[in-house]
Amino acid sequence: MLAELGLNAVRFGYGGHLLLDGVDLQIEKGERIGLLGRNGQGKSTLLKVIQGVLELDGGDISRRQGLVVAGLQQEVPKDFEGTVLDQLESVLSKADLEGGWEAQMRIDQAVSELGLERGALAQSLSAGMKRRVLLARALVMDPDLLMLDEPTNHLDIEAILRLEERLLKRSGSLVFVTHDRAFLRRVATRILDLDRGTLRSYDCDYATYLVRKQAVLEAEAKEHAAFDKKLAKEEAWIRRGIRARRTRNMGRVRALEALRIEHGQRRETVGQVKAELQAADRTGRVVVRAKRISFSYGDKSVIRDFSTEIQIGDRVGLIGPNGVGKTTLLSLLFGDLEPDSGEVEHGTRLEVARFDQLHSVLDDNKSVMENVCADGDMITVGDRQRHVLGYLQDFLFSPEQARGPLWALSGGERNRVQLARILARPCNVLILDEPTNDLDVETLELLEDMLVDYPGTILLVSHDREFVDNVVTSNLVFDVDGRITEYVGGDASWQDQARARAKPVKEDSRTQPQDEARARAPRPERARRLTYKEQKELDALPALIENLESENSKLHALMAQADFFKRPGPEIVEATTRLASLEQELREAYDRWEMLESIATG
């Protein structure tokens with residue numbers, strides 16, 4: 001089969017080490033390729049090379065004749081003006097696809113799937129909505145080869161699911177960069193790994209890739225250890241003196257020089273972020289309690305009659321469409337906003353740290369180290385003092401980057417700066433508003449592990465389904481009408497429970513069809529007495545309800561444990577399924593008890 005596009009020995013760099021060092025790649029028709037690699041390794045650069053917008057330092061690119069390539073731009077273009085509709089029509093015009101029913105169908109589909117308003121002025125949109133418009137521009141092109149760089153950033157879960165469905169139905173090829181592991185697992189048919197200038201292809205799913213990648217790193221470590229042992233032996237030999245300089249040994253001396261050169265050119269594995277959360281003194285049992293709070297922006301009701309109690313150690317996810325009020329609720333709960341009605345009570349000894357998706361706590365005009373350590377150059381981490389440059393190296397910042405301006409950093413690097421700032425201060429309440437955007441998968445997994453082990457209270461806003469599943473123990477799910485419903489468990493769990501609640505009440509072995517009909521029907525005008533069977537059922541219902549509530553409480557306590565969602569998948573599924581079933585049984589038991597009591601009391 002003729003490849004859509006091929007890279008042959010491609011080399012590219014911005015000075016220093018090459019980002020792409022002799023890269024070979026073949027992209028076949030219909031492939032969906034996930035591109036992985038640490039921040040700064042050159043993933044976005046590779047996408048630009050494939051699109052032909054960068055001039056190569058070496059190698060060449062071959063394309064199938066007539067191949068159409070389009071991609072999601074990271075930067076907002078200078079001509080980003082007019083309405084959303086103008087933006088979509090302009091890219092179709094450049095591809096000679098303007099007008100006609102097909103163009104209109106593509107626009108309708110993109111606008112619907114991404115929640116855009118045709119008449120909205122593009123230049124006045126938020127940064128997140130501008131990203132959606134840029135994604136829509138790429139999708140309406142429906143190119144032979146689609147390039148997407150972090151397409152799930154700023155999308156809510158529903159939009160991500162619609163995007164997944166759209167990409168799975170495409171017949172064209174796809175290359176995408178993402179940190180969203182659930183998206184990667186579902187969409188990718190092949191994995192590319194970009195590491196220290198070398199591109200490796202793994203023709204498998206993401207789970208298999210992780211195993212194979214680890215094997216590659218272990219083999220490389222053994223090879224380097226053997227090389228270093230040989231080099232050390234030769235260095236010891238040369239230091240023994242004049243014998244090494246005899247003519248018959250000069251070949252060995254030259255071989256040693258070659259070993260030194262090879263060692264100097266070695267590109268070591270990029271380090272892992274080294275960090276840990278510092279827990280402050282414990283709060284009281286109740287962290288925050290909201291009593292029937294409501295809040296509106298003008299005529300738009302955002303939060304309506306909401307009550308909750310968040311206790312020490314709770315890990316609460318906030319889930320809902322963009323703009324529904326998740327960040328507003330966090331501001332209401334922790335004093336940045338006052339509710340229009342209702343009240344909020346705070347617990348004692350709260351030390352709150354907050355990760356802001358807009359990075360508003362960071363100052364572009366200051367250096368990285370000034371953003372993390374405002375005064376001096378020493379920082380207290382745990383019970384010891386550290387120089388801020390050494391501390392920032394734990395977050396993979398070189399001394400040059402640490403002293404440099406914040407504005408020069410990428411989105412993922414800015415996230416690491418904000419994490420470094422948060423982790424430098426003890427806290428017992430951690431508020432994370434979209435912390436996963438632009439993080440590479442390795443840093444994301446490290447953050448995940450830190451949060452699982454953190455003893456404090458966590459409130460998390462994230463559209464990363466796997467991250468939510470692994471971190472939270474309950475969710476507050478927002479509806480567009482301002483209502484908020486609480487569910488136990490992670491992302492998959494609340495969706496299962498929501499579907500169970502939406503289903504009609506099923507017939508139960510304890511409930512006969514005629515009894516169900518009577519339960520739904522108006523109470524008869526003439527009172528009747530309970531039958532013998534109904535009286536026995538009524539007498540047994542309190543004990544049944546007590547047993548169900550006891551089991552329900554035990555399951556809630558089990559699922560609230562910090563390590564619950566690290567258990568094997570079947571155990572988690574069994575517990576969450578049983579919880580949904582218990583809640584249904586309790587509702588049925590209470591309804592039945594109420595009906596039988598009403599008959600018994602006349």
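At what angle do the axes of helix H3 and H4 cross? Keep that in mind while you load the model, which is a predicted one.

**Stop 1: H3 against H4**

Select residues 100-114 for helix H3, then add H4, which covers residues 127-141. Their axes cross at roughly 145 degrees and come within 9 Å. Looking at the handedness, you'll find that H3 passes H4 in a right-handed crossing. Now show side chains. From H3, pick Arg106, Ile107, Ala110 and Leu114; they meet Arg132, Leu135, Ala136, Leu139, Val140 and Met141 in H4. Colour this contact by class and you get 8 nonpolar residues, 2 charged and no polar.

**Stop 2: H2 against H4**

Keep H4 on screen and bring in helix H2, residues 84-94. Here the axes cross at roughly 35 degrees and come within 9 Å. H2 also makes a right-handed crossing as it passes H4. On the H2 side, select Val84, Gln87, Leu88, Val91 and Leu92; their partners in H4 are Val133, Ala136, Arg137, Val140 and Met141. The class count for this contact is 8 nonpolar, 1 polar and 1 charged.

Try highlighting Ala136, Val140 and Met141 by themselves: these H4 residues meet H2, and they meet H3 too.

**Stop 3: H5 against H4**

Next, select residues 157-169, helix H5. H4 and H5 pack at an angle of about 15 degrees, with 13 Å between their axes. The two helices are therefore roughly parallel to each other. This crossing is left-handed. Zoom in on Arg132, Leu135 and Leu139 of H4, which meet Ala159, Leu163, Arg166 and Leu167 of H5. Sorted by class, the contact holds 5 nonpolar residues and 2 charged, with no polar.

Arg132, Leu135 and Leu139 may look familiar: you had them selected at the first stop, among the H4 residues that meet H3.

**Stop 4: the second largest pocket**

Last, switch on a surface and go to Gln51, Ala70, Gly71, Leu72 and Gln73. Of the 20 residues lining the second largest pocket, these are the closest to its centre. The pocket holds about 450 Å³ of space.

Which helices and strands each supply at least two residues of the lining? Select these in turn:

- helix H1, 43-51
- strand E5, 69-71
- H2 and H4, already on your screen
- strand E6, 145-149

Colour the lining by class to finish: 10 residues are nonpolar, 5 are polar and 5 are charged.

Methods
Residues numbered from 1 in each chain as written. Predicted model: local features only at pLDDT ≥ 70, side-chain atom pairs only at ≥ 80, totals over all residues. Heavy atoms only, no water. Axes fitted to C-alpha atoms, helices over the stretch in contact; angles between N-to-C directions. Helix = DSSP H or I, 4+ residues; strand = E, 2+ residues; numbered from the N terminus. Parallel < 35°, antiparallel > 145°, perpendicular 65-115°, else oblique. Left-handed = near helix turned anticlockwise from the far one by under 90°. Contact = heavy atoms within 4.5 Å. Nonpolar A, V, L, I, M, F, W, Y, C, P; charged D, E, K, R; others polar. 1 Å grid on protein atoms, 1.4 Å probe; cavity = no way out; pocket = protein on both sides within 12 Å on 5 of 7 lines; lining within 4 Å. Points joined across faces, edges and corners; volume = space filled by probe spheres on them.
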